[in-house]
Amino acid sequence: MVQIKTDKTKYFTLPPLPYEQNALEPYISARTLDFHYGKHHQAYVNKLNEIVSGSKFSKLKLEEVIAKTSGRGNQEAIFNNAAQVWNHTFYWNSLTPKGGRKPSGALGRKIEVNFGSYENFIQKFTQAGIDQFGSGWVWLVKEGSALKITKTSNAESPISQGRGTPLLAFDVWEHAYYLDYQNRRNDYLAVVLDKLIHWNFAAENFNQK
Ligand code: MN3
């Protein structure tokens, strides 16, 4: 699981990208990362710091802020920004310029058993991304002994909903793909699943307890 560092003076900080901004080209451009990481992700961090300033939430870990504000209507702004900080960090770690291989080991076998084949998994995951109406996320999750593909809206995630351990996150907000793929969310899903998935990161999450 990703640990997000906290800086006591700023409460929450933007974690460094795990690769260079142009490392995911030509599949995700440096320009997209400049906006998506440098502007959108940074803005969630900035907004979160602004609205928790002086409150009890400024002393908590990011995961605790998410847990304590999830489903509380009056804490919606704190929840949305905290959850989006967490979700994006998890998403950057779900991608790697060294993708393009199938998962191996225990996770590879589990995907074949659970979904019938790796190709079936890709087909179902892509369909979930296409079917997510509006802004949201698609996740590969371990829930009990099963793997599941989960869709969430806006800032929601499996951790905010208590629905298992996330293995991979996939951002399907328009800002994730519009500069490179315009309205073609299906092309973004197909290319990134084929070229950029960080299966070793998913396996680390899968192998936890
Ligand atoms: Mn995003």
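Is histidine 175 buried or exposed, and what is its relative accessible area? Histidine 175 is buried, with a relative accessible area of 18%. Buried here means under 20% relative accessible area, exposed means over 50%, and partly exposed lies in between (1.4 Å probe, protein chains only).

This is a predicted model: local features need pLDDT of at least 70, side-chain atom pairs count only at pLDDT 80 or more, and totals for chains, interfaces and linings use all residues. Residues are numbered from 1 along each chain as its sequence is written, and side-chain values use heavy atoms, with hydrogens and water left out.

**The manganese site**

Four protein donors hold places around the manganese ion: His36 (NE2), His88 (NE2), Asp171 (OD) and His175 (NE2). They lie 2.0 to 2.1 Å from the ion. Donors are N, O and S atoms within 2.8 Å of the metal (3.2 Å for Na, K and Ca); water is not among the atoms, so sites may look incomplete. Along the chain the donors follow the spacing H-x51-H-x82-D-x3-H. Histidine 36 sits in helix α1, and histidine 175 in the loop between β5 and α7 (178-181), so the pair ties together parts that are 139 residues apart in sequence. Histidine 36 also counts as buried, at 1% relative accessibility.

**The helix pair**

Helices (H or I, at least four residues) and strands (E, at least two) are DSSP runs, numbered from the N terminus. Helix α1 (residues 30-52) packs against helix α3 (residues 76-94) at an angle of about 145 degrees. Their axes are 9 Å apart. Axes are lines fitted to C-alpha atoms, for helices over the stretch in contact, and angles run from 0 to 180 degrees between N-to-C directions. Contact means heavy atoms within 4.5 Å. On the α1 side the contact residues include His36, Tyr37, His41 and Tyr44. On the α3 side they include Asn81, Val85, His88 and Trp92. The residues of this contact divide into 13 nonpolar, six polar and one charged. Ala, Val, Leu, Ile, Met, Phe, Trp, Tyr, Cys and Pro count as nonpolar, Asp, Glu, Lys and Arg as charged, and the others, Gly among them, as polar.

**The sheet**

Three strands form an open antiparallel sheet in the order β4-β3-β5. Two strands pair if DSSP finds at least two bridges between them. The edge strands, β4 (146-153) and β5 (165-171), each pair on one side only. Neighbouring strands are turned by 20 degrees against each other on average, direction ignored. Strand β3 (residues 136-143) pairs with β4 over eight bridges. Glycine 136 has serine 153 in β4 as its bridge partner, and valine 141 stands opposite lysine 148 in β4. β3 and β4 form a hairpin with two residues between them. Glycine 144 in the turn has a positive phi of about 65 degrees. Helix α9 (residues 199-207) lies across β3, β4 and β5, running at about 150 degrees to β5.

**Backbone exceptions**

Most residues other than glycine have a negative phi, and most peptide bonds are trans. A cis peptide bond joins glutamate 25 and proline 26, with omega about 5 degrees. Proline 26 lies in the loop between β2 (11-12) and α1. Two residues other than glycine with a positive phi are tabulated here.

| Residue | Phi | Loop | Relative accessible area |
|---|---|---|---|
| Asparagine 154 | near 50 degrees | between β4 and α6 (158-161) | 43%, partly exposed |
| Glutamine 182 | about 50 degrees | between α7 and α8 (185-195) | 33%, partly exposed |
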